Amino acid sequence: YQFTRQSLPQYSTSSWLALAHVGGNTVEWPADAASQLARVTHAASTDEYRPVMRGVALGDGQAVATDDDRLSMIHLPLDCHEQIIVPASALVALERL
């Protein structure tokens with residue numbers, strides 16, 4: 001076997017995107033929202049290399065999820081003033097309650 005040396009590019013962490021911290025805010029939705037969200041969570045990606053697509057985007061009265069092949073969207077009356085992404089696994093757990 002012959003081993004070869006390879007180089008990997010290095011990037012400064014200052015070029016990474018900063019994550020916004022939403023502290024203390026809550027999102028309120030109707031009692032039957034968990035069953036409605038089940039129509040969207042199935043379309044969320046399971047790809048571990050794209051974590052942002054593993055969630056459901058909530059905001060502007062909509063819930064949206066995609067895995068690049070499917071897109072699922074429902075209208076949901078939310079009291080949410082910002083767009084947030086909630087992990088699909090958390091919404092599935094909420095539905096089980």
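The chain contains two helices and four strands; helices (H or I, at least four residues) and strands (E, at least two) are DSSP runs, numbered from the N terminus. The model is a predicted one, in which local features need pLDDT of at least 70 and side-chain atom pairs count only at pLDDT 80 or more, while totals for chains, interfaces and linings use all residues. Residues are numbered from 1 along each chain as its sequence is written, and side-chain values use heavy atoms, with hydrogens and water left out.

**The whole chain**

Begin with the entire chain selected. Along the sequence, its elements follow the pattern α-β-β-β-β-α. Of its 97 residues, 25% count as buried; buried means under 20% relative accessible area, exposed over 50%, and partly exposed in between (1.4 Å probe, protein chains only). The chain exposes about 8000 Å², of which carbon and sulfur atoms supply 54%. Such areas come from the Shrake-Rupley method with a 1.4 Å probe, and for residues only the protein chains shown count as cover. Among contacts (heavy atoms within 4.5 Å) between residues at least 6 apart in sequence, 53% join residues at least 24 apart.

**The sheet**

Next, select the four strands. They form an open sheet in the order β3-β2-β1-β4, with antiparallel pairing; two strands pair if DSSP finds at least two bridges between them. The edge strands are β3 (71-75) and β4 (84-87), each of which pairs on one side only. From one strand to the next, the twist averages 25°.

Now restrict the selection to residues 55-59 and 62-66, which are strands β1 and β2. These two strands run antiparallel and are joined by three bridges. Which residue in β2 stands opposite Gly59? The residue to select is Gln62.

**The helices on the sheet**

Add residues 33-41, helix α1, which lies across β1, β2 and β3 and runs at about 155° to β3. Axes are lines fitted to C-alpha atoms, for helices over the stretch in contact, and angles run from 0 to 180 degrees between N-to-C directions. Then add residues 88-96: helix α2 packs on the sheet, touching β1 and β4, and its direction makes about 65° with that of β4.

**The buried side of α1**

Within α1, select Ala33, Ala34, Leu37, Val40 and Thr41, which are buried. Why are they on the same side of α1? They cover an arc of only 95° around the axis, so they share one side of the helix; the arc is that of the directions from the helix axis to the C-beta atoms. The buried residues of α1 pack against β1, β2, β3 and α2.

Keep Thr41 of helix α1 in view. Thr41 counts as buried because its relative accessibility is 13%. Leaving aside residues up to four places away in sequence, Thr41 touches Val56, Ala88, Leu91 and Val92.

**Two exposed residues**

Move to Ser89, in helix α2. Is Ser89 buried or exposed? Ser89 has a relative accessible area of 57% and is therefore exposed. Select Val56 as well: Ser89 and Val56 are 33 residues apart in sequence and 9.6 Å apart in space, C-alpha to C-alpha.

The last stop is Val52, in the loop between α1 and β1. Val52 counts as exposed because its relative accessibility is 54%. To finish, select Pro87 too: the C-alpha atoms of Val52 and Pro87 are separated by 8.4 Å, and these residues lie 35 residues apart along the chain.
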